[in-house]
Amino acid sequence: MQIITTIITVHKRRRQYLPQALASVLAQEAGDFKLETVVMADYEDNTSGLATGVRWVSVDNE
């Protein structure tokens, strides 16, 4: 099975847009592909509310 990976970058000052971006990506039809979503952020956050299959990666933006 082929995988489609979506990477969402989010910055601390714009984190209020993350729920809308995730909803948009997760609403897409993947057809015969497996959908993988990675959120890359320049801050730490509680990721317990993320949808199943969404990975959180914190990066140092300095």
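How far from the buried aspartate 42 is the nearest side chain of opposite charge? Keep that one in mind while we look around this predicted model.

Let's start with helix H1, which covers residues 18-26. Leu18, Leu22 and Val25 are its buried residues here. They sit on the same side of H1 because they span an arc of only 65° around the axis. There's a handy rule behind this: an α-helix has 3.6 residues a turn, so residues three or four places apart point the same way. Flip to the other side of H1 and you'll find Pro19 and Gln20, both exposed.

So what sits over the buried residues of H1? The cover includes three strands:

| Strand | Residues |
|---|---|
| S1 | 3-10 |
| S2 | 34-41 |
| S3 | 54-58 |

Now zoom in on leucine 22. Leaving out residues up to four places away in sequence, it touches Ile8, Thr37, Val39, Leu50 and Val54.

Next, the largest nonpolar core. Eleven residues make it up, among them Ile8, Leu22, Tyr43 and Trp56. At least two of them come from each of S1, H1, S2 and S3, and H1 gives the most, with three residues. As a general habit, nonpolar side chains in soluble globular proteins tend to be buried together.

Back to aspartate 42, which you'll find in the loop between S2 and S3. The nearest side chain of opposite charge belongs to lysine 12, 5.9 Å away, and aspartate 42 has no salt bridge. The backbone of lysine 12 is another story: its nitrogen lies 2.7 Å from a polar atom of the aspartate 42 side chain.

Technical notes: Residues are numbered from 1 along each chain as its sequence is written. This is a predicted model: local features need pLDDT of at least 70, side-chain atom pairs count only at pLDDT 80 or more; totals for chains, interfaces and linings use all residues. Side-chain values use heavy atoms; hydrogens and water are left out. Buried means under 20% relative accessible area, exposed over 50%, partly exposed in between (1.4 Å probe, protein chains only). Helices (H or I, at least four residues) and strands (E, at least two) are DSSP runs, numbered from the N terminus. The arc is that of the directions from the helix axis to the C-beta atoms. Contact means heavy atoms within 4.5 Å. Lys and Arg count as positive and Asp and Glu as negative; His and the chain ends are not counted. A salt bridge is a side-chain nitrogen of Lys or Arg within 4 Å of a carboxyl oxygen of Asp or Glu. A polar contact is a pair of N or O atoms within 3.5 Å; within protein, one must be able to donate a hydrogen and the other to accept it, and residues adjacent in sequence count only if both atoms are side-chain atoms. A nonpolar core is a set of buried Ala, Val, Leu, Ile, Met, Phe, Trp, Tyr and Cys residues joined through side-chain atoms within 4.5 Å.
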